Amino acid sequence: MVDRLENNRPVGPSKTTRNPGFTLVELLIVIGVIVVLIALLLPSVASVRARARTAQCQSNLAQLGLGIQNANRNRSEAVNAVDAGGNPWTAQIEPFLEGEDAELFLCPGDPNPLQIPEGDDRRDPTKTNFQPSFAANSQMHRMQNGDADKITVLDFGDGDGDGNNDSVVHVVAPIEENETPDTNWGTNANGQQAFDAGVDQGGSRHAGNANVLRHDGSVAAEPSDELLDNHPALEGSDGWVPWRTESDPNVNLWDAPASEGGRHRC
């Protein structure tokens, strides 16, 4: 009986002894699922990284605000956008900052600093040609305790097209010595064109929002479109120039665009 069964047993591998493995179709299905999962996860990862860059940028601005306030308390003169000796605001507050000083002046979403080689003066906040990611209100030295909502420093880029970030927002019309001031907001090279370009580039780092430091030390993201609408030549633009009047001989007012009425008054 046993011999007969053994003789009738089929020759070749049985289903129970076949080597386990995946078919080509099964492998393609697994690969397809992995690709779909990666495609779903990538936007989330990019969004998290963008939020982290924004948070770091706002933290840097908050630290700069503390440095400005500390400098104003301990210096004989208030911090100027550029002082009488030609020192930018970055050099004036640098001694009053803690940690990696140069890094505090940079936005992690700003690609410009990455193109500057190590050891270059544009990486040194004490140098006149330092390239920060932020620009100061050129009237920052006139900010007092009652001006909490006034803009002090904000995300800003290359306004004049020279490939470098601008460290000052001209809320007053700059002039050269012994020259008649060109106060036309629409035609002055430091006016609307430079302002719009700098704000647009600063806002591009955070999906159309620019981080803004107010004089009370608060930091918030503001749509760059709102900053463009609330520009320094606009009548009633109190966020920029709350102190100047036409009677001030040391201040040159911007001529507002014709569509927005007459000269700005505060």
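Start with the whole chain on screen: among its contacts between residues at least 6 apart in sequence, 63% join residues at least 24 apart. Keep in mind as you click around that this is a predicted model.

**Stop 1: the whole chain**

Switch on the cartoon view. You should find six helices and five strands in the protein chain. Trace them along the sequence and the pattern reads α-α-α-α-β-β-β-α-β-β-α. The chain has 266 residues, and buried residues make up 37% of them.

Next, try colouring by pLDDT. The average over the protein chain is 82, and 80% of the residues score at least 70. Now select residues 261–266, where the pLDDT is below 50. Beyond near neighbours in sequence, this stretch still has 26 contacts in the model.

**Stop 2: the largest nonpolar core**

Select L154, V169, F195, L227 and W240 and show their side chains. Those five have the most contacts inside the largest nonpolar core, a group of 22 residues. Which elements give two or more residues to this core? They are β2 (151–155), α5, β4 (209–214) and α6 (224–229).

Zoom in on V169 for a moment. Leaving aside neighbours within four places in sequence, V169 is in contact with A135, A136, N137, S138, L154, F156, F195 and W240. L154, F195 and W240 should look familiar, as they were in your selection for the largest core.

**Stop 3: a second core, and I93**

Now select C57, A71, I93 and L104. You've moved to a second, separate core, which has 20 residues and includes these four.

Stay with I93, which sits in helix α3 (residues 89–93). Is I93 buried or exposed? I93 counts as buried because its relative accessibility is 0%. Show what surrounds I93: apart from neighbours within four places in sequence, its contacts are L64, G67, I68, A71, V79 and F105. A71 is one you have just selected as part of the second core.

Got a distance tool? Try it from I93 to T126, C-alpha to C-alpha: the two residues are 33 apart along the chain and separated by 9.1 Å.

**Stop 4: R75**

From I93, hop over to R75. The pair are 18 residues apart in sequence, with 9.8 Å between their C-alpha atoms. R75 lies in the loop between α2 (24–74) and α3. R75 has a relative accessibility of 25%, so this residue counts as partly exposed. Not counting neighbours within four places in sequence, R75 is in contact with Q92 and F96.

**Stop 5: the largest pocket**

Switch to a surface view and select A81, V82, S138, V168 and H170. Of the 37 residues lining the largest pocket, these five lie nearest its centre. The elements that give two or more residues to that lining are β3 (168–169) and α5 (192–204). How much space lies in the largest pocket? About 780 Å³.

Colour the lining by residue class if your viewer lets you. The lining has 17 nonpolar, 16 polar and four charged residues. S138, by the way, is also on the contact list of V169 from Stop 2.

**Stop 6: G163**

Move on to G163, in the loop between β2 and β3. Which residues does G163 touch, not counting those up to four places away in sequence? Select N112 and D158 to see them. G163 and N112 are 51 residues apart in sequence, yet their C-alpha atoms are 8.4 Å apart in space.

**Stop 7: A207 and G208**

Finish in the loop between α5 and β4, where you'll find A207. G208 is in that loop too.

Start with the backbone of A207. Its phi is near 55 degrees, a positive value in a residue other than glycine. A207 counts as exposed because its relative accessibility is 78%. G208 has a relative accessibility of 31%, so G208 counts as partly exposed.

Finally, select what G208 touches: G203, E222, P223 and S224, leaving out residues up to four places away in sequence. For one last distance, go from G208 to D225. They are 17 residues apart along the chain, and their C-alpha atoms are separated by 7.7 Å.

Definitions and conventions: Residues are numbered from 1 along each chain as its sequence is written. Side-chain values use heavy atoms; hydrogens and water are left out. On a 1 Å grid over the protein atoms alone, a cavity is a set of points where a 1.4 Å probe fits but cannot get out, and a pocket is an open set with protein on both sides within 12 Å along at least five of seven lines; lining residues have an atom within 4 Å of a point. Grid points are joined across faces, edges and corners, and a volume is the space filled by probe spheres set on the points. Helices (H or I, at least four residues) and strands (E, at least two) are DSSP runs, numbered from the N terminus. Ala, Val, Leu, Ile, Met, Phe, Trp, Tyr, Cys and Pro count as nonpolar, Asp, Glu, Lys and Arg as charged, and the others, Gly among them, as polar. pLDDT is the predictor's confidence in each residue, from 0 to 100. Contact means heavy atoms within 4.5 Å. A nonpolar core is a set of buried Ala, Val, Leu, Ile, Met, Phe, Trp, Tyr and Cys residues joined through side-chain atoms within 4.5 Å. Buried means under 20% relative accessible area, exposed over 50%, partly exposed in between (1.4 Å probe, protein chains only).
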